[in-house]
Amino acid sequence: MKTSVKPKKDQLYVRVETVMQDLQISKPFAYRMIAGWNEELKELGYTTICGRIPKAYYEKKIYGMTKE
């Protein structure tokens, strides 16, 4: 079975490295931010993945990332 890797723009999740780079913050702080967002998603009934955040939610939470 062949697995394909999605191009970065099509990925569903954002990892800690992207949060660090986008927000210019440290790795531990980026992990804390992701953990907080994941807690919000859990309260809304969503399944979460430790150390990752859905790209759509990330863009919604960070001012200026969405085009409205």
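# Cut-offs behind the labels

Analyst: Take contacts in the chain between residues at least 6 apart in sequence: 40% of them join residues at least 24 apart. Contact here means heavy atoms within 4.5 Å. The model is predicted, so local features need pLDDT of at least 70 and side-chain atom pairs count only at pLDDT 80 or more, while totals for chains, interfaces and linings use all residues. Residues are numbered from 1 along each chain as its sequence is written, and side-chain values use heavy atoms, with hydrogens and water left out.

User: What pattern does the chain follow, read along the sequence?

Analyst: The pattern is β-α-α-β-α. That comes from three helices and two strands. Helices (H or I, at least four residues) and strands (E, at least two) are DSSP runs, numbered from the N terminus.

User: How do you know that H2 reaches the expected span?

Analyst: The expected span is 1.5 Å times one less than the number of residues. H2 has 17 residues, and 24 Å is expected. Its first and last C-alpha atoms are 25 Å apart, close to that value.

User: Which residues of H2 are buried?

Analyst: Ala30, Ile34, Trp37, Asn38 and Leu41 are. Buried means under 20% relative accessible area, exposed over 50%, and partly exposed in between (1.4 Å probe, protein chains only).

User: What puts them on the same side of H2?

Analyst: The arc does: they cover only 105° around the axis, so they share a side of H2. The arc is taken from the directions between the helix axis and the C-beta atoms. Arg32 and Glu43, on the other side, are exposed.

User: What covers the buried residues of H2?

Analyst: The cover includes strand E1 (13-15), H1, strand E2 (52-54) and H3.

User: And which residues of H1 are buried?

Analyst: Val16, Thr18 and Val19. They cover an arc of only 160° around the axis, which puts them on the same side of H1. E1, H2 and H3 are among the elements that cover them.

User: What makes up the largest nonpolar core?

Analyst: Twelve residues: Val14, Val16, Val19, Ile25, Ala30, Ile34, Trp37, Leu41, Ile53, Tyr57, Tyr58 and Ile62. Helix H1 (16-23), helix H2 (27-43) and helix H3 (55-61) each give two or more of them. H2 supplies the largest share, four residues.

User: Why is a set of residues called a nonpolar core?

Analyst: The residues must be buried, must be Ala, Val, Leu, Ile, Met, Phe, Trp, Tyr or Cys, and must be joined through side-chain atoms within 4.5 Å. As for one member, Ile62 touches Leu23 and Trp37, leaving aside residues up to four places away in sequence.

User: How many salt bridges are there by this rule?

Analyst: The count comes to two. The rule asks for a side-chain nitrogen of Lys or Arg within 4 Å of a carboxyl oxygen of Asp or Glu.

User: What makes Glu39 and Lys42 a salt bridge?

Analyst: Their closest N and O atoms are 3.6 Å apart. That meets the cut-off, so the pair counts. Both residues lie in helix H2, three residues apart, about one turn of the helix. An α-helix has 3.6 residues a turn, so residues three or four places apart point the same way.

User: Why does Glu39 count as partly exposed?

Analyst: Its relative accessibility is 41%, in between the two limits, so the label is partly exposed. Lys42, at 44%, gets that label too.

User: What distance goes with the salt bridge of Glu40 and Lys61?

Analyst: The closest N and O atoms are 3.0 Å apart, which meets the rule. This pair links distant parts of the chain, with Glu40 in helix H2 and Lys61 in helix H3, 21 residues apart. Glu40 is partly exposed at 30% relative accessibility, and Lys61 is partly exposed at 36%.

User: Is Gln24 buried or exposed, and why?

Analyst: Exposed: its relative accessible area is 74%, so it passes the upper limit. Gln24 lies in the loop between H1 and H2. It has a positive phi of about 55° although it is not a glycine. Gly45, just after H2, also takes a positive phi, of about 95°.
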